[in-house]
Amino acid sequence: MKNKLIEKRRARQRMKNAIMDDVKQGYSASASARKHGVCEGTLRQWQFHDKLFRARFKPARRQGIRYLKTILLAGLQAGKLLKDAARAMETNPSTIQNWRKKDPKFQAAVRAALGK
């Protein structure tokens, strides 16, 4: 019985690590949770009640956003339209607008890539 509990905890930790890895690659936490068979409610519990998960999640999300910004800029530099580059990386254009508002350097890079 003790072994089952230990294995269950290890499996849960593997799922948490897999979600973190996906978030670092730009996935949304929800999409990653679905991919790994974790229900949305469980993900939310981890985000709000698991201090270690929450502490690891914030930097992972920042890394994922930096990664997505890099991909977006590469797409724009390759000649894609902003909405097409957003669609290719499965990101909502309003999310990109928010990034542009919050990050002046990113805004400048987007404008330069668009030739404005």
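**Salt bridges and nonpolar cores at a glance**

Leaving aside its neighbours within four places in sequence, Met89 touches four residues: it is in contact with Leu68, Ile71, Leu72 and Trp99. Keep in mind that this is a predicted model. Met89 also belongs to the largest nonpolar core, which has 12 residues in all, and on the charged side a search of the whole structure turns up 6 salt bridges. Here's the rundown, starting with the cores.

**Nonpolar cores**

- The largest nonpolar core is made up of Leu68, Leu72, Leu73, Leu76, Ala85, Ala86, Met89, Ile96, Trp99, Phe106, Val110 and Ala113.
- Two or more residues of this core come from each of helix 4, helix 5 (82–88), helix 6 (93–102) and helix 7 (104–114).
- Helix 4 is the top contributor here, giving 4 residues to the core.
- There's also a second, separate core of 11 residues, and among them are Ile19, Met20, Val23 and Ala33.
- As a bit of background, nonpolar side chains tend to be buried together in soluble globular proteins.

**Lys16 and Asp50**

- Lys16 pairs with Asp50 in a salt bridge, with the closest N and O atoms 2.4 Å apart.
- Lys16 sits in helix 1 (residues 2–24) and Asp50 in the loop between helix 3 (40–49) and helix 4 (51–77), so this salt bridge ties together parts that are 34 residues apart in sequence.
- Lys16 counts as buried, because its relative accessibility is 9% and the cut-off for buried is under 20%.

**Asp22 and Lys35**

- Asp22 makes a salt bridge with Lys35, and here the closest N and O atoms are 3.4 Å apart.
- With Asp22 in helix 1 and Lys35 in helix 2 (residues 29–35), the pair ties together parts that are 13 residues apart in sequence.
- Asp22 counts as buried at 9% relative accessibility, whereas Lys35 is partly exposed, with a relative accessible area of 48%.

**Glu40 and Arg44**

- Glu40 forms a salt bridge with Arg44, the closest N and O atoms lying 2.5 Å apart.
- Both residues are in helix 3 and are 4 residues apart, so about one helical turn separates Glu40 from Arg44.
- Glu40 is partly exposed at a relative accessible area of 33%, and Arg44 is partly exposed too, at 30%.
- In general terms, side chains of opposite charge can pair when their charged atoms come close.

Note on methods
Residues numbered from 1 in each chain as written. Predicted model: local features only at pLDDT ≥ 70, side-chain atom pairs only at ≥ 80, totals over all residues. Heavy atoms only, no water. Salt bridge = Lys/Arg side-chain N within 4 Å of Asp/Glu carboxyl O. Buried < 20%, exposed > 50% of the residue type's maximum accessible area, 1.4 Å probe, protein only. Core = buried A, V, L, I, M, F, W, Y, C linked by side-chain atoms within 4.5 Å. Contact = heavy atoms within 4.5 Å.
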